[in-house]
Every structure is written in C-alpha cells, then in structure tokens.
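Work through the exercises below with the model open. Try each task before reading its solution.

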Amino acid sequence: RVAITAGKQWYQRRVAITAGGMKEALSILEPMINDPVNYVRQGALLASAMVLVQQNDHMCPKLKTFKDLFTKTMSDKHEDVMVKFGAILAQGIINAGGRNCTISMRTQYGHTNVPSVVGLLVFTHTWFWFPLAHFLCLAFQPTYLIGLNKDLKMPVMKFKSCAKPSAYAYPPLLEPPKEKEKEKVSTAILSTTAKKAAKSKTAAATPMEVDPPATAAAEKKEEKKVEEKKDEKKEEKKEKGDDEKKEKKEKVSTA
C-alpha cells in the first residue's frame, strides 16, 4: 500500500514539473527507477519522460542515459510487463509530435487551458485503467511555427536566432541494430573419419589391375585359328559322308 500511494503521489506531482528538464526532479526519479516494486518503476519511467519532453543533449546531458534506459527496458525479455508498458509509453511521450510538442496547461496567452488540465487529470489515473493514457494527448501543444497568408499559402519568412544551432537541435534518431557477421567455426574432425578419408585417397591413387590390351597381330592369329578349326570340321564331315556312301554301295552289290 505504501508503494502504491507513493506511486499515486508521483503521478500527481510530476504534472507540475513537466517539460522543464529539472535536474532536481531527475535526481529524485533516478532511484525510483530501480525500485523493487514494478508499479513504482512504471511511474518513474513515465515521469522522467514527461520531464524530458523537448530536451536535447545540450540542454540536459542525462537525456541519452534515460533514452537508452527506455530502449533497454522495452527489449529486455526478463522484464515485467508493467514496467515494459511504462517504458513504451515513456518512449512515445519523449518523442511526442515528432519532437515538436510539449506538455503545457496554459495557452500561448497565459490563460489556463481547461482541456489540458482535464487530460492530465485523467492521465494520472492510468494506474487504474491503462486506456486512460490516451488523455495525455489533450495536454500536448505544438511548439513549431507555421505562417500562412490570406490565401493559406506559406510566405517566405526569415527568423534570426542568437542561440547556437545545438541549443534547439533534434536528438539523434534511433538507429536499428547492426547485424554482426557470423564467424565461420571450423568443424571438429574425428580421428576415425580422418583415417577413412586417407584410405579412400590411397585407394583412388593406386590404379586397378587390368589385363593388357590385345595387339592387332594377336587378334589376327586368333581369327586364323578359328577359321582353321572350321575347315577341319568341314573336312571331317565330308570324310564321314564319303564313308557312308561307300558302305551303302557295298551293301547293294552284295545283295
């Protein structure tokens, strides 16, 4: 209960010191960012973003540390959802209107802006119901200058500023993380695989035993032998045929 009431009080107190970049306010909020209660940490992130609206590194040197904290909290997988939600809202508040808006409860003429007051009042109850965070938009007021003539066209205008350009420079945009080139890791080779590879190489190097090719003269000799055998078989058949004819004639004469 003490942590919740403390968080509620800071929701209400931070409205009075918004968009000022007060060092005293940031010094009070920094310890609360590391509070063990997630609810308090969420409120501290939102309050720090509201304090740092329309600030740059020249005006507030701690701006970069807080922006890095928002990014780290959003991308941390082990962070609580409630704290992540606060970091996401803080990132949107600090970059409100393309960094061309501020939080103010007064008009440009110094009068109280009722919609802004109502919006901030309802926004302080975001802890109860998170959609109430949209009411903060009622308190945003543009800080850019747009000049138009009677024909609603932009005339050529020049403005003189005695301050350095860094005094009103935009904070640097968020850069996407650079992809690191993956180093090729050499695969471990087992001794057995190395032995098998060596054996396969030696087997491929030694040629297989093949019979020597036959020469043309040897082929001719073999062809002659085959023809001689054929002739011998023919002569044997003729001799057999002649012997059979003689035996038939002898049988006929005796009869």
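## Exercise 1: one residue in its setting

At 19% relative accessibility, Arg41 falls in the buried class, since buried means under 20%. The model is a predicted one.

Task: place Arg41 in its helix and find its partners.

Solution.
1. Helix H3 holds Arg41.
2. Leaving out residues up to four places away in sequence, Arg41 touches Met32, Ile33, Asp35, Glu79 and Val83.
3. The side chains of Arg41 and Glu79 are joined by a polar contact of 3.0 Å.

## Exercise 2: H2 against H3

Task: classify how H2 (residues 23-33) and H3 (residues 38-51) pack.

Solution.
1. Their axes come within 8 Å and cross at roughly 150 degrees.
2. Angles over 145 degrees count as roughly antiparallel, so H2 is roughly antiparallel to H3.
3. The crossing of H2 past H3 is left-handed.
4. H2 contributes Ala25, Leu26, Leu29, Met32 and Ile33 to the contact. From H3 come Val40, Arg41, Ala44, Leu45, Ala47, Ser48 and Val51.
5. Sorted by class, this H2–H3 contact has ten nonpolar, one polar and one charged residues.

## Exercise 3: H3 against H5

Task: repeat the analysis for H3 and H5 (residues 81-94).

Solution.
1. The axes of H3 and H5 come within 8 Å, crossing at roughly 5 degrees.
2. Angles under 35 degrees count as roughly parallel, so H3 and H5 are roughly parallel to each other.
3. Residues of H3 in this contact include Arg41, Leu45 and Met50. Among those they meet in H5 are Val83, Phe85 and Ile94.
4. The H3–H5 contact has 13 nonpolar, three polar and one charged residues.

How values were computed
Residues are numbered from 1 along each chain as its sequence is written. This is a predicted model: local features need pLDDT of at least 70, side-chain atom pairs count only at pLDDT 80 or more; totals for chains, interfaces and linings use all residues. Side-chain values use heavy atoms; hydrogens and water are left out. Axes are lines fitted to C-alpha atoms, for helices over the stretch in contact, and angles run from 0 to 180 degrees between N-to-C directions. Helices (H or I, at least four residues) and strands (E, at least two) are DSSP runs, numbered from the N terminus. Angles under 35 degrees count as roughly parallel, over 145 as roughly antiparallel, 65 to 115 as roughly perpendicular and the rest as oblique. A crossing is left-handed if the near helix is turned anticlockwise from the far one by less than a right angle, and right-handed if clockwise. Contact means heavy atoms within 4.5 Å. Ala, Val, Leu, Ile, Met, Phe, Trp, Tyr, Cys and Pro count as nonpolar, Asp, Glu, Lys and Arg as charged, and the others, Gly among them, as polar. Buried means under 20% relative accessible area, exposed over 50%, partly exposed in between (1.4 Å probe, protein chains only). A polar contact is a pair of N or O atoms within 3.5 Å; within protein, one must be able to donate a hydrogen and the other to accept it, and residues adjacent in sequence count only if both atoms are side-chain atoms.
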